[in-house]
Amino acid sequence: MTLAYPLDDPRTARPASALTDAFERHGVRMAYERNAEIYAQDDAVELLYRVVSGVVRTSRVTADGRRQVGDFYYPGDLFGLEPGPDHRFGAEALDDCEILVVRRSAVRAAAGDAELDRAILEAQRVEMERLQDHVVMLGRKSARERVASFLMSIAERGDNDHADLAMGRQDMADYLGLTIETVSRMLTQLQGEAIVEFPSSRHFQIRKRTALEALAA
């Protein structure tokens, strides 16, 4: 899974300050159209990325052709900060995105080796927490609970009970370890029980927050 955390996350205050300064001084804004590749799986790690607008998906294709979605990154998220020399996951723009890009060497020159190393270690810690949550979801939750957890995580990024889905059903399925048919069936069930409502395929409203939170717990 690609490493990512918000630059203003209080848990990462020390490394984030150095990284923020490096991004502001040396970063370049780049535009990516919907579905455009930002970097490929197994590319060398040379750049660091921060989402300015839009949503980014990371994914990995296995030798037998199956795809695993790593995560989704929103404005303010930093991604591509991996400890190894190559990207284990590729990154693509889910919609039109603006990405702030900076060379890793520029961050090292601006912040110093020790500061960058601290940032990488802190990013690994935060990413490990995200990975553990994902493993628990895949191993211990039912399909219904996985879909509810996903919707809850998207809704929590906003300020109310309305939320937009930048990703399609297949992306959700590949992230949740389900088939697209199962995801669609679970969404239909949740809507039939008036827990959520989908006015369109990419927009939903939470109708019974307590019920959705209970499923997502």
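When I call a residue exposed, I mean that its relative accessible area is over 50%, whereas buried means under 20%. With that in hand, and bearing in mind that this is a predicted model, let me begin with helix 6.

The face of helix 6 turned away from its buried side carries E181, T188 and G192, which are exposed. The buried residues of this helix are T182, V183, M186, L187 and L190, and because they cover an arc of only 135° around the axis, they sit on the same side of helix 6. This fits the general expectation that, with 3.6 residues a turn, residues three or four places apart in an α-helix point the same way. As for length, the 13 residues of helix 6 should span 18 Å at 1.5 Å a residue, and the end C-alpha atoms are indeed 18 Å apart, so the two values agree. Just after the helix, A194 takes a positive phi of about 60°.

What, then, covers the buried residues of helix 6? The cover includes helix 4, helix 5 (169-176), strand 11 and helix 7, and that brings me to helix 7 itself.

In helix 7, which runs over residues 209-216, L212, L215 and A216 are buried; seen down the axis, they fall within an arc of 95°, so they line one face of the helix. On the other side, T210 and A214 are exposed. The cover over the buried residues of helix 7 includes helix 4 (143-155), helix 6 (180-192), strand 11 (196-200) and strand 12 (203-206).

Finally, away from the helices, T58 lies in strand 5 and is buried, with a relative accessible area of 0%. The C-alpha atoms of T58 and E92 are separated by 6.4 Å, although these residues are 34 residues apart along the chain.

Notes: Residues are numbered from 1 along each chain as its sequence is written. This is a predicted model: local features need pLDDT of at least 70, side-chain atom pairs count only at pLDDT 80 or more; totals for chains, interfaces and linings use all residues. Side-chain values use heavy atoms; hydrogens and water are left out. Buried means under 20% relative accessible area, exposed over 50%, partly exposed in between (1.4 Å probe, protein chains only). Helices (H or I, at least four residues) and strands (E, at least two) are DSSP runs, numbered from the N terminus. The arc is that of the directions from the helix axis to the C-beta atoms. Contact means heavy atoms within 4.5 Å. The expected span of a helix is 1.5 Å times one less than its number of residues.
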